[in-house]
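Subject: Structure handover

Hi,

Here is the structure I promised to pass on. Please load it first; my notes on what turned up follow below.

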Amino acid sequence: MYYPRELIDEIRLQNDIVDVISGYVPLKQKGGSYFGLCPFHNENTPSFSVSADKQLYYCFGCGASGNVISFIMQAENCDFAEAVEKLAQRAHIKLPEPEFSEEMKQEESLKTRLRDMHSAAGRFYYDILQTDEGVKAKDYLDKRKIDPAIRRKFGLGYAPGGKDRLYKHLLSKGYKKADILRSGLVLEDKNNGGIKDRFYNRLMFPIFDIRGRAVGFGGRIIDKGEPKYLNSPETIIFNKKQNLYGLNFAKESKKKELILVEGYMDMLTIYQAGFKNVAASLGTAFNREHTRTIKNVATDIILIFDSDEAGTKAALRAIPVLVSGGFRVKVVQVPDGKDPDEFIKQNGSAAFAKLLVDAESYVTFRIKCAGKNYNLDNTEQKIDYLTEVAKILSEIDSSIERDVYLKEVAAKTGIDGNAIESEILRLRRNESEAFRKKSEAERKRLYESGGAFVSGAKGTLQAQQNLLFICATNLTAYRKIKQFMSPEDYIDGVYIKLAEIIYRMNDEDEKIVPADMVNFFTTVEEQKRVSEVFSVKFNYENVRELEKALTEEIVLLNKTKADYLSRNASSAEDIQKVIEIKKNLTQINIVLGDHY
């Protein structure tokens, strides 16, 4: 789905990036830029820069960058079209009906077919569960006390034995072989030829995206075998790093507190016990993409992982990701080494509700976990413990919050709180100074040092960025570069597309606005790559330095391409192409002339 380019540019123009971002992050002006704490990673020292002139933002800490549309996509966890709609509404611009390019139509059509196919597969598995073939799976669900109503609501099913039962079923429904293979529900049987089902003899858990559309499956083995749990592979509609099991149902609860657990059965049991605001991971560690997915669902998180060593480690890994995502985080460890499913079955929902009420702060949890690694009766180990605790507390911005935990630790260890506070302040000063130096060095590299043109080529990535920047901002240099570099001579796919756009606009005498270049790309990652090209201010000593740098970088990219073709040559034509490229390397020489 897309809107006319002129309309998107107008929406961007009517939404000043400083005004928009100021609604999310307090900004302070320093020179021609504005700085604040990055909303996309946890930091104490402002490293988030917003350029009013370029209408671009850049974080020196985590590398997040883009224009105002990119920012809304990241901050609101939405796609390009949704971000455009939000900004249009903000600027009181009425949008026409969106249009679709032929490529986008085909992609959306494929996504629709794959989602429909997953729904059909879900019905197939559900129906099999109701037959005699599904008796073992039903017995397992009976044993785990999962009510029939919950089985229906979540669409639980059974993948039967046999090589290609689902595959044949989908063919009978009119789905094409190529699409069925793309779905991840089946795979090619390399041993015996043909196609085989990915899931068989497994209890099936349909996975829905945040909008309630079937996008994948998780399967638990019923008989003996490995792996115990198997998930669908990554596809055009399914990404394990973005989806959580049951999040679509948790969203319906309208609660701003989300219970996060590890497994399917824990999630179902908690939901069945009346706690509708629960979701589970899909066998992957929590990451930034997960936090963006749940940002519009919840503000508070209660982590409930198994209380064994593996569960504790998983919780400790998840905490910094969630905290840096802006969530208030608490932790529950089920007593006696039980998991939530077992605890609820033995003690009931009221007892579980009390566990949630008594959930401890993630800081308390981290301090408690640290204490298990030290013998506090040993002086040296007590010192090591307090040093680790000081580091944990140094990460807390609120001095009041730090003071509460500091007093608890001091009382527990018998150590003067002032000594611990001194260590905390020392660590915070050191962290701030280290970060300041790193940020200043990065700012200097990007805005003051003159970039790569002072020292020549510094790798293919920077060479592409440098050449594209000059092509977009210097028409004379562009005409010289074009003689030796066509768009397809760039290496990175995003930069090939960007080169095509810049070359076309130059040839048609269109004005190139950096912030508008970002709008030609619709994913956050692509927009980040493009905005990086325009985040650098190039200063060079003289024309000769510029000529030398451009020549070196064009030679580097052509040589890199020749090396790649040489390694992958499969015909005489490929070899001849390599010979031609290498032959022409010696002829590359950018001369801008004294009049430049």
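The largest nonpolar core holds 62 residues. Y125, F154, Y245, M267, L268, I304 and F352 have the most contacts inside it. Helix α5, residues 102-129, is the top contributor to this core, giving 9 residues. A separate core of 42 residues lies apart from it. L258, I319, V331 and I420 are among its members.

Take F352 as a way into the large core. Setting aside neighbours within four places in sequence, F352 touches I270, F275, I304, P340, F343 and I344. I304 is also on the list of residues with the most contacts in that core.

Before you go further: this is a predicted model. Mean pLDDT for the chain is 87. Of its residues, 91% reach 70 or more. The stretch to watch is 443-458, where pLDDT is below 50. In the model, that stretch still has 45 contacts beyond near neighbours in sequence. Where pLDDT is low, the predicted coordinates should not be read in detail.

Next, the aromatics. How many aromatic pairs are there? The count comes to 25. Two are worth pulling up.

- Y58 and F60: the ring centres are 5.3 Å apart and the planes sit at 75°, so this pair is edge-to-face. Both Y58 and F60 are buried.
- F154 and F249: the ring centres are 4.4 Å apart and the planes sit at 50°, so this pair is tilted. It joins distant parts of the chain, with the two positions 95 residues apart. F154 is in the loop between α7 (148-153) and β6 (157-159), while F249 is in helix α10 (residues 247-252). Both F154 and F249 are buried.

F154 and F249 also belong to one aromatic cluster, together with F205, F208, Y229, Y245, Y264 and Y271. Two of these names should look familiar: F154 and Y245 are on the list of best-connected residues in the largest core.

Last, helix α16, residues 379-394. Its 16 residues reach 22 Å from first C-alpha to last, close to the 22 Å expected at 1.5 Å a residue. At the start of α16, a side-chain oxygen of N378 comes to within 3.0 Å of the backbone nitrogen of E380. Which residues of α16 are buried? They are Y385, L386, V389, A390, I392, L393 and S394. For reading that list: an α-helix has 3.6 residues a turn, so residues three or four places apart point the same way.

Best wishes

Key:
Residues are numbered from 1 along each chain as its sequence is written. This is a predicted model: local features need pLDDT of at least 70, side-chain atom pairs count only at pLDDT 80 or more; totals for chains, interfaces and linings use all residues. Side-chain values use heavy atoms; hydrogens and water are left out. pLDDT is the predictor's confidence in each residue, from 0 to 100. Contact means heavy atoms within 4.5 Å. A nonpolar core is a set of buried Ala, Val, Leu, Ile, Met, Phe, Trp, Tyr and Cys residues joined through side-chain atoms within 4.5 Å. Buried means under 20% relative accessible area, exposed over 50%, partly exposed in between (1.4 Å probe, protein chains only). Helices (H or I, at least four residues) and strands (E, at least two) are DSSP runs, numbered from the N terminus. The expected span of a helix is 1.5 Å times one less than its number of residues. A polar contact is a pair of N or O atoms within 3.5 Å; within protein, one must be able to donate a hydrogen and the other to accept it, and residues adjacent in sequence count only if both atoms are side-chain atoms. Rings of Phe, Tyr and Trp (its six-membered ring) pair if their centres lie within 6.5 Å; planes under 30 degrees apart count as stacked, over 60 as edge-to-face and the rest as tilted.
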